[in-house]
Amino acid sequence: MTHISDPITIGNLTLDNRLVMPPMATAKADEHDCVTDAACDYYRERAKHSKIGLIITEHSYIHLQGKAHPGQTSIASDDVIPSLQRLTDCIHQEGVKVFAQLSHAGSAAQSKTTGQVPVGPSPIYHPKQREELPGEMTLPQIQQVTQWFAQAAIRAK
C-alpha cells in the first residue's frame, strides 16, 4: 500500500514524499518583477518546516501581455533567470524540489497592469475582469503565445 510519506519517482525526478505545495500568488516581486528577499523567505520557510517533497511556485508571467497583477514574478526574458535561480536555490537548500508555474492571464489581464489591450479566445468579458473587453486572438497571436510558453519553459529548466 502506498502512503503519502513514501517517495515517488516521475520520469527522472524522485520526490522524498508525495506532499506538494500548490502555487499560491504572493505578489512579492520587485518593481522589475524579479524575486525578492521576501519571496525567498516565504518559500524557504515552507520548504524548511513543512516536510513536503515539492513546491510549485506561484504563477510567473511568460510575457508582459499576460501579466495578471502587480507584484507578479516574470519569466518573460533571460535577464530574470538569476532572480529565479536564487529562488530555486533557497528551496533546494532545504532539500525540496521545485517546479515553476508558467502563466498568461489572457482576458483576465488589464491594460493598467500590462500597458496592452487584453486578449482572449473571443471578445467576451472575463468573469473577473469586466473593465475591458478583450481582443479576440488571431491564429498568429495564439502561435506567438505558444512560443512564449516554450521559451519560458526553457528558462524555467
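Is Asp78 buried or exposed? At 52% relative accessibility, Asp78 counts as exposed in this predicted model, and its salt-bridge partner is taken up in one of the close-up views below.

**View 1. Overall layout of the protein chain, with four helices and eight strands.** Read from the N terminus, the elements follow one another in the order β-β-β-α-β-β-α-β-α-β-β-α. Along the principal axes, the C-alpha atoms of the chain fill a box of roughly 50 × 35 × 30 Å. Of its 157 residues, 39% count as buried, and the chain exposes about 9000 Å², of which carbon and sulfur atoms supply 56%. Among contacts with a separation of 6 or more, 57% are accounted for by residues 24 or more positions apart.

**View 2. The salt bridge between Arg155 and Asp78.** The side chains of these two residues meet with an N to O distance of 2.9 Å. The pair links distant parts of the chain, since Arg155 belongs to helix H4 (residues 139–156) whereas Asp78 sits in the loop between E5 and helix H2 (81–92), 77 residues apart. The two partners also fall on opposite sides of the burial scale: Arg155 has a relative accessible area of 16% and is therefore buried, the limit being under 20%, while Asp78, at 52%, passes the limit of over 50% and so counts as exposed.

**View 3. The salt bridge between Lys67 and Asp33.** A search of the whole structure finds five salt bridges, and one of them joins the side chains of Lys67 and Asp33 at 3.0 Å, N to O. This pair links two loops that are distant in the chain, with Lys67 between strand E4 (54–61) and strand E5 (73–74), and Asp33 between strand E3 (20–21) and helix H1 (37–50), 34 residues apart. Lys67 and Asp33 are both buried.

**View 4. The surroundings of Thr73 in strand E5.** Thr73 is buried, with a relative accessible area of 8%. Leaving aside neighbours within four places in sequence, Thr73 is in contact with Ala29, Asp33, Val35, His59, Ser60, Tyr61 and Leu84. Asp33 in this list is the residue whose side chain meets that of Lys67 in a salt bridge, and Leu84 is one of the buried residues of H2.

**View 5. The surroundings of Thr114 in helix H3.** With a relative accessible area of 6%, Thr114 is buried. Its contacts, apart from neighbours within four places in sequence, are with Leu64, Gln65, Lys67 and Ala109; Lys67 is itself buried. The C-alpha atoms of Thr114 and His63 are separated by 9.3 Å, although these residues are 51 residues apart along the chain.

**View 6. The salt bridge between Glu131 and Lys112.** The closest N and O atoms of this pair are 3.8 Å apart. Glu131 lies in the loop between strand E7 (119–120) and strand E8 (135–136), and Lys112 lies in helix H3 (residues 111–114), so that the pair, 19 residues apart, links distant parts of the chain. Both Glu131 and Lys112 are exposed, whereas Thr114, also placed in helix H3, is buried.

**View 7. Helix H2 and its buried face.** The end C-alpha atoms of H2 are 16 Å apart, which agrees with the 16 Å that its 12 residues should span at 1.5 Å a residue. Buried residues of H2 are Ser83, Leu84, Leu87, Cys90 and Ile91. Seen down the helix axis, these buried residues fall within an arc of 120 degrees, so they line one face of H2. The elements against which the buried residues of H2 pack are H1, E4, E5 and strand E6 (97–103).

**View 8. The largest nonpolar core and the contacts of Tyr43.** This core holds 24 residues, of which Tyr43, Ile55, Leu87 and Ile91 touch the most other members. At least two residues of the core come from each of H1, H2 and H4, and H1 supplies the largest share, five residues. Not counting residues up to four places away in sequence, Tyr43 touches Met21, Met24, Ile55, Thr57, Glu58, Leu87 and Ile91. Leu87 and Ile91 are also among the buried residues of H2.

Notes:
Residues are numbered from 1 along each chain as its sequence is written. This is a predicted model: local features need pLDDT of at least 70, side-chain atom pairs count only at pLDDT 80 or more; totals for chains, interfaces and linings use all residues. Side-chain values use heavy atoms; hydrogens and water are left out. A salt bridge is a side-chain nitrogen of Lys or Arg within 4 Å of a carboxyl oxygen of Asp or Glu. Buried means under 20% relative accessible area, exposed over 50%, partly exposed in between (1.4 Å probe, protein chains only). The expected span of a helix is 1.5 Å times one less than its number of residues. The arc is that of the directions from the helix axis to the C-beta atoms. Contact means heavy atoms within 4.5 Å. A nonpolar core is a set of buried Ala, Val, Leu, Ile, Met, Phe, Trp, Tyr and Cys residues joined through side-chain atoms within 4.5 Å. Accessible areas come from the Shrake-Rupley method with a 1.4 Å probe; for residues, only the protein chains shown count as cover.
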